[in-house]
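Subject: Structure handover and findings

Hello,

Here is the structure for you to load. My notes follow below it.

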Amino acid sequence: IFSNPVVLDGTGGAYGLSFSPDNTKLYTYDYDVVDLAHGGIVQYDIGKKTPGEIIASRTIIAEGKGNQTGPFTLGPDGKIYHPVLHNGRRRHLSVIHKPNLAGTLCDYEDAAIYLGDATTNYSLPNFPDCWFNEGLDGRVCSPPRAEFSGVSLCEGECTTFIDQSTI
C-alpha cells in the first residue's frame with residue numbers, strides 16, 4: 001500500500017531501491033549523483049514529516065563510476081546488498097551494514113563480498129523486503145504459499161493451484 005507519495009525530483013534516473021529494516025530510510029542508485037558518468041548510492045530519510053524534509057535529507061552514501069548499478073536486496077541479517085561492477089565483471093557485492101542509521105553512519109562497504117568465479121549480472125534474487133522486514137504496523141508479510149491438487153503434474157492432466165499467501 002502506497003500512501004503520501006513524494007516525488008524525488010532532481011535524480012538523473014534511479015535504478016533499484018530498498019527500505020531499511022525499520023522503514024525509515026530509502027536507498028536507491030541515482031545515475032546522476034555528480035554527473036551522468038558518475039552515479040552513486042543515495043539515502044533518503046523517509047521518516048521525516050514533510051515532502052520537503054524528505055527531499056532535503058538526500059545523502060550521497062557512495063559515488064560510483066559509470067555502470068556500477070544493480071538492484072538492492074535486504075538480507076535476512078538486516079543488511080542491504082548491492083552488486084557492483086569491478087574490473088568489467090560483477091563478482092562483488094557491496095554492503096550497507098547498518099541501513100537504519102542516517103547518512104554515512106549506515107556503514108557502506110564497497111566490494112565487501114567477493115563471489116569468486118560466480119557473477120551477479122545485474123541482479124540478485126527478487127523478493128519483497130518485507131519477508132525480512134517488519135512493517136510499520138508490526139506485521140511481517142509471508143512468503144508466497146501455494147496449494148495444488150491433482151495426482152501429478154503431467155501434460156494433459158489438470159492441476160489446480162490455490163494462492164494461500166497472507167499479507
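Which residues make up the largest nonpolar core? The core holds nine residues in all: Tyr-27, Tyr-29, Ile-41, Ile-61, Phe-72, Leu-74, Ile-80, Ile-96 and Cys-106. A nonpolar core here is a set of buried Ala, Val, Leu, Ile, Met, Phe, Trp, Tyr and Cys residues joined through side-chain atoms within 4.5 Å. Buried means under 20% relative accessible area, exposed over 50%, and partly exposed in between (1.4 Å probe, protein chains only).

Before the rest, the ground rules. This is a predicted model, in which local features need pLDDT of at least 70, side-chain atom pairs count only at pLDDT 80 or more, and totals for chains, interfaces and linings use all residues. Residues are numbered from 1 along each chain as its sequence is written, and side-chain values use heavy atoms, with hydrogens and water left out.

Overall picture

The protein has one helix and 10 strands. Both are DSSP runs, numbered from the N terminus: helices are H or I with at least four residues, strands are E with at least two. From the N terminus the order is β-β-β-α-β-β-β-β-β-β-β. Of the 167 residues, 33% count as buried. The protein exposes about 10,200 Å², and carbon and sulfur atoms supply 56% of that area. Areas come from the Shrake-Rupley method with a 1.4 Å probe; for residues, only the protein chains shown count as cover. Among contacts (heavy atoms within 4.5 Å) with a separation of 6 or more, 41% join residues 24 or more positions apart.

One core member in detail

Take Ile-80, one of the nine core residues. Beyond its neighbours within four places in sequence, Ile-80 is in contact with ten residues' worth of chain listed here: Ser-18, Phe-19, Tyr-27, Phe-72, Thr-73, Leu-74, Ser-94, Val-95, Ile-96 and Pro-99.Lys-25 and Asp-45

Lys-25 lies in strand β2 (residues 25-35). Asp-45 lies in strand β3. What is the distance from Lys-25 to the nearest side chain of opposite charge? That side chain is Asp-45, 4.2 Å away. Lys-25 is buried yet has no salt bridge. A salt bridge is a side-chain nitrogen of Lys or Arg within 4 Å of a carboxyl oxygen of Asp or Glu. For charge, Lys and Arg count as positive and Asp and Glu as negative; His and the chain ends are not counted.

Asp-45 is also buried and has no salt bridge. For Asp-45, the nearest side chain of opposite charge is Lys-48, at 4.1 Å.

Both residues do have polar partners. The side chain of Lys-25 makes a polar contact with the side chain of Thr-24 at 3.0 Å. The side chain of Asp-45 reaches the backbone nitrogen of Gly-47 at 2.9 Å. A polar contact is a pair of N or O atoms within 3.5 Å; within protein, one must be able to donate a hydrogen and the other to accept it, and residues adjacent in sequence count only if both atoms are side-chain atoms.

Leaving aside neighbours within four places in sequence, the contacts of Lys-25 include Ser-18, Phe-19, Tyr-44, Asp-45, Pro-99 and Leu-101. Not counting residues up to four places away, Asp-45 touches Thr-24, Lys-25, Ile-54 and Ser-57.

Gly-47 sits in the loop between β3 (38-45) and α1 (51-56). Gly-47 counts as partly exposed because its relative accessibility is 44%. Gly-47 and Thr-24 are 23 residues apart in sequence, but their C-alpha atoms are 4.7 Å apart.

The segment before β1

Leu-8 is found in the segment before β1 (14-19). At a relative accessible area of 24%, Leu-8 is partly exposed. Leu-8 touches Leu-26, Tyr-44, Ile-54 and Ile-55, not counting residues up to four places away in sequence. Leu-8 and Tyr-44 are 36 residues apart in sequence and 9.4 Å apart in space, C-alpha to C-alpha.

Backbone angles to check

Which value does phi take at Asp-107? Phi is near 65 degrees there, a positive value in a residue other than glycine. Asp-107 is in the loop between β7 (89-96) and β8 (108-114). Its relative accessible area is 33%, so Asp-107 is partly exposed.

Ala-111 has a positive phi of about 50 degrees, although it is not a glycine. Ala-111 lies in strand β8. With 24% relative accessibility, Ala-111 counts as partly exposed.

Two buried strand residues

His-92 is in strand β7. Its relative accessibility is 17%, so His-92 counts as buried. The C-alpha atoms of His-92 and Ala-112 are separated by 6.9 Å, with their positions 20 residues apart along the chain.

Gly-40 is in strand β3. Gly-40 counts as buried because its relative accessibility is 1%. Gly-40 and Asp-30 are 10 residues apart along the chain, and their C-alpha atoms are separated by 5.5 Å.

Best regards
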